[in-house]
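Subject: Handover of a structure for your review

Dear colleague,

Please find the structure below, handed over for your consideration. The findings follow it, arranged by region.

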Amino acid sequence: MTPQITVLDAGGQYCHLIARKVRELGVYAEVAASETPASALAGRKGIIISGGPSSVYDAGSPTIDRALLGMGIPVFGICYGHQLIAHLLDGSVQKGDQGEYGFARVEITRPAHIFAGIERNQQATHQVWMSHRDLVVTPPPGFDVMAVTSTCPVAAMGSPSRRLYGVQFHPEVAHTPSGQAILSNFVFGVCGCTKDWDPAGQVLAVEQHIREAAGERNIFFFVSGGVDSTVAYTLCLRALGPERVHGTYVDTGMMREGETEFVRQHFAALGARAFFVEDARERFLAALQGVTGPEEKRHIIGEKFVEVQQRILESEHYLDGQWILGQGTIYPDTIESGGAQAGKGKADLIKTHHNRVAGIQKLIDEGRIIEPLSSFYKDEVRAIGRELGLAPELLDRHPFPGPGLAIRCLCTDSHAKPQRVEEGWIIPVSSVGVQGDSRTYRPVLAIADVPASEDEIAELTNRRRDVNRTVSVVKTCRPVGELEVHPAHLTAARLDRLRRVDAIVRRISGESGFDATIWQFPVVLIPLGTPDRPDCVVLRPIDSVDGMTARAVRIPQGALDQMTRELMQVEGVAGVFCDLTNKPPATIEWE
Ligand code: XMP
């Protein structure tokens with residue numbers, strides 16, 4: 001499909017969010033590199049320039065083909081995009097050091113198309129979300145200032161006759177309540193787009209595409225039980241029939257309780273006939289014996305995956321010309337970012353790693369690959385899954401990392417004791433964090449009383465340079481000061497313990513309805529305890545949009561009490577903690 005709207009990626013983490021929000025309006029949108037030549041964008045009904053971390057004054061900062069601003073196509077700049085329009089058309093942008101991050105109130109000073117229906121709201125000002133360093137101080141000649149905030153003299157600007165607009169705030173995020181109305185005003189009111197996009201309505205077209213791409217050949221998948229690979233597999237199964245579509249699931253032994261059975265049952269219910277479970281548990285465990293470092297764990301798991309995949313590819317003859325590889329790649333995975341994105345994290349690194357199996361690389365090089373979901377976002381994949389009749393418990397699953405429980409079972413070679421400090425205790429178990437673009441690996445601060453405000457929690461973690469996380473003590477079998485950190489590795493016994501506690505938390509979280517309100521809920525085992533009870537459990541529920549940033553979420557008291565009661569009865573469990581830290585400065589996983 002030709003997109004009606006193209007979002008030019010100026011390097012912001014919000015660029016895909018903008019395209020998703022436009023698609024939610026029923027209008028097909030794609031993302032393209034900011035420097036895409038204007039000639040390649042002819043025929044678009046509108047262009048949106050995303051935000052980004054750069055300054056228009058930085059050497060090499062993202063720019064756009066200036067001709068785009070004179071073609072009569074409507075253009076809407078957001079944040080950096082707003083500054084870029086001002087800069088390119090001779091307005092002025094002021095360089096800032098400190099920046100403004102968070103809520104602001106914007107006052108609409110001039111009726112404008114993009115604010116249609118909004119300024120009539122009784123409120124004098126509207127809540128918006130800001131995240132910027134530089135700001136526009138003078139709009140380009142011929143532009144009107146359309147909104148201001150207490151710190152932004154040009155919070156919105158536009159030239160209605162040229163159909164060019166810019167806003168300093170982020171209409172695409174949930175924290176800007178009228179944001180979707182503003183995008184809708186631009187897309188329909190200014191650009192004149194028509195509704196042409198309904199992902200669930202694409203099923204038959206996708207199946208037809210699969211038949212054409214496959215021709216006489218068959219398709220095989222490595223499936224994980226996750227949403228993307230399951231939906232992609234199901235589409236292929238429907239397109240070609242069960243004899244021509246094979247799937248293999250590798251049981252690494254790092255999976256959650258009941259996971260392998262869950263996947264087996266669901267694939268049987270889909271009508272899959274050729275579906276294999278490869279039991280690689282012992283191989284992974286043996287390779288991980290005695291290993292403690294997070295990166296080493298990941299590296300070994302990656303290597304083992306490569307080995308197992310290669311063996312399957314060769315022994316099942318999937319490398320001959322009769323087979324092509326199916327993958328659950330989704331749209332954001334296919335786009336090379338144009339700008340200085342914060343890095344897509346290790347998730348992608350690990351995926352690349354798996355995809356580097358020689359056999360898979362050979363298939364990719366020969367073009368023998370099919371990715372039926374490569375133009376869809378996650379929410380759209382779920383909509384397709386629902387259309388296909390897949391079970392909600394499959395579609396609404398939280399994301400689960402490839403290396404599985406291995407990165408939630410913390411290991412160490414040392415003996416150490418918690419250290420009393422003014423705020424609580426420093427627990428000498430290191431976990432991974434992220435600050436700026438660099439990863440940290442530091443101990444944890446444990447506190448007895450949870451501060452009332454999020455700011456106080458953030459302040460606690462930031463004040464102490466020797467930690468990157470703060471947890472609250474929910475319950476321990478002895479006072480924290482009497483517990484000890486002791487050498488611990490990835491053993492079958494510890495993984496079983498983690499599986500058991502994870503299953504308890506998942507059950508209570510599901511039954512209480514809490515699970516449906518959060519994005520992900522890692523449960524972590526740390527080697528802090530007593531000789532009889534060697535491990536403590538850390539609960540890490542978070543809310544997020546894409547995993548790049550995350551907010552720690554409080555567990556409702558009733559559910560937390562029940563979890564704690566049951567967890568303290570599990571063999572070997574010495575205590576329960578709640579992780580209170582946002583990402584950044586912590587990461588979602590502890591590793
Ligand atoms: P962090 O811990 O970096 O995690 O804040 C961000 C998100 O990525 C997930 N994650 C992974 N997903 N393979 C994956 O498929 C991986 O190796 C991997 N590591 C982390 C993590 O669960 C969270 O949702």
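**Helix H12 and its surroundings**

Directly after H12 comes Gly-389, which has a positive phi, near 85°. Please note that the model is a predicted one. The helix that precedes this glycine, H12, spans residues 378-387, and its buried residues are Glu-380, Val-381, Arg-382, Ala-383, Ile-384 and Gly-385. The elements that cover these buried residues of H12 include helix H1 (15-24) and helix H4 (203-214), together with helix H5 (227-240) and helix H13 (392-395).

**Domains and the interface of domain 1 and domain 3**

The domain assignment divides the protein chain into domain 1 (5-190), domain 2 (199-401) and domain 3 (408-579). Between the C-alpha centres of domain 1 and domain 3 the distance is 40 Å. The two domains do touch: 4 residues of domain 1 are in contact with 5 residues of domain 3. Domain 1 and domain 3 bury about 260 Å² between them, and 49% of that area is on carbon and sulfur atoms. On the side of domain 1 that touches domain 3, the residues fall into 1 nonpolar, 2 polar and 1 charged.

How many salt bridges does the rule find across the interface of domain 1 and domain 3? The number is 0. For polar contacts across the interface of domain 1 and domain 3, counted with both residues at pLDDT 80 or more, the rule likewise gives 0 residue pairs.

**The segment after strand E27**

Strand E27 covers residues 573-579, and Glu-591 lies in the segment that follows this strand. Is Glu-591 buried or exposed? Its relative accessibility is 2%, and Glu-591 therefore counts as buried, since the cut-off for buried is under 20% relative accessible area. The side chain of Glu-591 makes a polar contact with the side chain of Arg-298, at 2.8 Å. The backbone of Glu-591 also deserves a remark: phi is near 70°, a positive value in a residue that is not glycine.

Two cis peptide bonds are to be reported here. One runs from Lys-583 to Pro-584, with omega near -15°. The other joins Pro-584 and Pro-585, with omega about 10°. Pro-584 is placed in the segment after E27, and Pro-585 is found in that segment as well.

**Arg-163**

Arg-163 is another residue with a positive phi, about 60°, although it is not a glycine. Where is Arg-163 found? It sits in the loop between strand E10 (156-159) and strand E11 (164-167). Arg-163 has a relative accessible area of 31% and is therefore partly exposed, as partly exposed denotes the range between the 20% bound for buried and the 50% bound for exposed.

**Glu-456**

Glu-456 has its place in helix H14, which comprises residues 454-463. With a relative accessibility of 42%, Glu-456 counts as partly exposed. Glu-456 and Gly-433 are separated by 23 residues in sequence and by 19 Å in space, taken from C-alpha to C-alpha.

Yours sincerely,

A colleague

Methods:
Residues are numbered from 1 along each chain as its sequence is written. Side-chain values use heavy atoms; hydrogens and water are left out. Helices (H or I, at least four residues) and strands (E, at least two) are DSSP runs, numbered from the N terminus. Buried means under 20% relative accessible area, exposed over 50%, partly exposed in between (1.4 Å probe, protein chains only). Domain bounds come from an automatic or database domain assignment. Contact means heavy atoms within 4.5 Å. Buried area is the accessible area (1.4 Å probe) that two parts lose on being put together, summed over both. A salt bridge is a side-chain nitrogen of Lys or Arg within 4 Å of a carboxyl oxygen of Asp or Glu. A polar contact is a pair of N or O atoms within 3.5 Å; within protein, one must be able to donate a hydrogen and the other to accept it, and residues adjacent in sequence count only if both atoms are side-chain atoms. Ala, Val, Leu, Ile, Met, Phe, Trp, Tyr, Cys and Pro count as nonpolar, Asp, Glu, Lys and Arg as charged, and the others, Gly among them, as polar.
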